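Thank you for making the time this morning. I would like to walk you through one structure, and I will ask you to keep it on the screen while I talk.

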Amino acid sequence: MDLPHRLDTPRIAPLPVDDWDPALREQLLGNRPPEMGDGEVFNIFRTLASHPKLAGAFGRWGNQILFKSSLSPRDRELAILRVGWLARAAYEWGHHVAIARDHAGMSEGDIDLARSGPVAGSDAPDDVLLRAVDELVGDHSSARRPGRRWRRATTRRS
């Protein structure tokens, strides 16, 4: 792994799936996309299971981002990986490196691009996307987004 975990144990203990309310189990796991398979339930869902209302809202949001976005799977994962790298989020990075390889067709070079970021002065599509991510993460607000760059980045998803 490229990023070390910052904590040895989770702040909130993940709840075993067998302890979930049946309705929550159906809500979070009943409509798993084929990409998720029948494998391990990620700790993020097991942790959110302690708060069913939040888990449901997060599940709907995540489903939209991961499986219904107007971004291509590669662009989506490139953006998510860049955010994970900038935030030094080891858990997010590790899971999305696997998703990038297994479900978005990304190469090691693509993953390296998420680490290194945009090439200065380049208007190549990947660099435009990565620059937009860097600015969003750096600003924490789209209100200060430079108009020309933001317009150029949004044309990628059209």
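I will begin with the chain as a whole, then turn to the cores, one helix pair and one buried arginine.

Please bear in mind throughout that what you see is a predicted model. The protein chain contains eight helices and zero strands, and if you read along the sequence the pattern is accordingly α-α-α-α-α-α-α-α. Of its 158 residues, 31% are buried, while the accessible surface comes to about 9700 Å², with 55% of that belonging to carbon and sulfur atoms. If we take the contacts in the chain with a separation of 6 or more, 58% of them are between residues 24 or more positions apart.

Now to the interior. The largest nonpolar core has 13 residues, and those that touch the most other members are Leu 78, Leu 81, Trp 93, Val 97, Met 106, Ile 111 and Ala 114. At least two residues of this core come from each of helix 4 (73-87), helix 5 (90-103), helix 6 (108-116) and helix 7 (125-139). Another core lies apart from this one, and its eight residues include Trp 20, Leu 24, Leu 48 and Ala 55.

Which residues does Ile 111 contact, once its neighbours within four places in sequence are left aside? They are Leu 81, Trp 93, Val 97, Arg 101 and Met 106.

That leads us to the pairing of helix 5 with helix 6, whose axes are 10 Å apart and which pack at an angle of about 145 degrees, in a crossing that is right-handed. On the helix 5 side the contact is made by Trp 93, Val 97 and Arg 101, and on the helix 6 side by Glu 108, Ile 111, Ala 114 and Arg 115. Sorted by character, the residues of this contact comprise four nonpolar and three charged, with no polar ones.

Finally, I would like you to look at Arg 82, which sits in helix 4. Is this arginine buried or exposed? Its relative accessible area is 7%, and because the cut-off for buried is under 20%, Arg 82 counts as buried. Not counting residues up to four places away in sequence, Arg 82 touches Ala 114, Arg 115, Ser 116, Gly 117 and Pro 118, and also Leu 130, Val 133 and Asp 134. Two of the names in that list, Ala 114 and Arg 115, we have already met on the helix 6 side of the contact with helix 5.

Notes
Residues are numbered from 1 along each chain as its sequence is written. This is a predicted model: local features need pLDDT of at least 70, side-chain atom pairs count only at pLDDT 80 or more; totals for chains, interfaces and linings use all residues. Side-chain values use heavy atoms; hydrogens and water are left out. A nonpolar core is a set of buried Ala, Val, Leu, Ile, Met, Phe, Trp, Tyr and Cys residues joined through side-chain atoms within 4.5 Å. Buried means under 20% relative accessible area, exposed over 50%, partly exposed in between (1.4 Å probe, protein chains only). Helices (H or I, at least four residues) and strands (E, at least two) are DSSP runs, numbered from the N terminus. Contact means heavy atoms within 4.5 Å. Accessible areas come from the Shrake-Rupley method with a 1.4 Å probe; for residues, only the protein chains shown count as cover. Axes are lines fitted to C-alpha atoms, for helices over the stretch in contact, and angles run from 0 to 180 degrees between N-to-C directions. A crossing is left-handed if the near helix is turned anticlockwise from the far one by less than a right angle, and right-handed if clockwise. Ala, Val, Leu, Ile, Met, Phe, Trp, Tyr, Cys and Pro count as nonpolar, Asp, Glu, Lys and Arg as charged, and the others, Gly among them, as polar.
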